[in-house]
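Visitor: I would like a close look at a single part of this model. Could you take me through one helix and what lies around it?

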Amino acid sequence: VAASPARLFFALWLPPAVAQKLHRQAGGIVGKSGGRLMREESLHLTLAFLGDVPERRLPELHRLAASLSLPRVPVRLDRLGFWRHNHIVWAGCGEAAPDLSALAAALQKALVAAGFLDGERAVTPHVTLLRKAAHPGELPALPAQEWSAGELVLARSWRTDRGSTYEPIARWPLH
Ligand code: 2AM
């Protein structure tokens, strides 16, 4: 429906080889934790969550993203974790990731200035692997996954009977 809002977020998508490794790791955990395994091709790291955006503002959002000149960013995922408050199993960074935080902050600042976000929110960089998981017990070590993220992705979240699915709808290069 043309007038309906879209649930949107900006993220870094995982390179296919990294997504495959993490998806396999998650597959080894789900037997203990239960929960819902995220699809391999949907694995991402969120930088800014917009929530519902009216369709009529999409062209403006695309222009804004295209006008930003944001730097490529090194990403290193080297640990698995579980959060009790939202029942997710995730892959994240053992060390602070200043470049990643700076990228999220720069993006959020521009989104706030344009009225797409109410305020900036600190990002705890992570990739959700399992939702609605129970405590998995001790998690295996994650061999470090490193890459240089070269693309900013705008994605849409669709609610379905089997949870949300995520669809990249636009991409812009990081420089
Ligand atoms: P999560 O994986 O930690 O749940 C699509 O829903 C993406 O946006 C997911 O990566 C999700 O993070 C994130 N997200 C959903 N709601 C959010 C919120 N209120 N604040 C920040 N990120 C959110």
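Guide: Here is a walk along helix H3 and then over to a strand that helps to cover it. The model is predicted, so local features need pLDDT of at least 70 and side-chain atom pairs count only at pLDDT 80 or more, while totals for chains, interfaces and linings use all residues. Residues are numbered from 1 along each chain as its sequence is written, and side-chain values use heavy atoms, leaving out hydrogens and water.

Helices (H or I, at least four residues) and strands (E, at least two) are DSSP runs, numbered from the N terminus. H3 takes in residues 98–113, 16 residues in all. From first C-alpha to last it reaches 22 Å, close to the 22 Å expected at 1.5 Å a residue; that expected span is 1.5 Å times one less than the number of residues.

Now look at its sides. Leu100, Leu103, Ala104, Leu107, Gln108, Ala110 and Leu111 are buried, meaning under 20% relative accessible area, with exposed being over 50% and partly exposed in between (1.4 Å probe, protein chains only). These buried residues lie on the same side of H3 because they cover an arc of only 160° around the axis, taken from the directions from the helix axis to the C-beta atoms. On the other side, Pro98, Lys109 and Ala113 are exposed.

The cover over the buried residues includes E1, E3, H2, E4 and E9, where contact means heavy atoms within 4.5 Å. Two of these, E1 and E9, run antiparallel and are joined by 4 bridges; strands pair if DSSP finds at least two bridges between them. One bridge sets leucine 8 against arginine 156 in E9.
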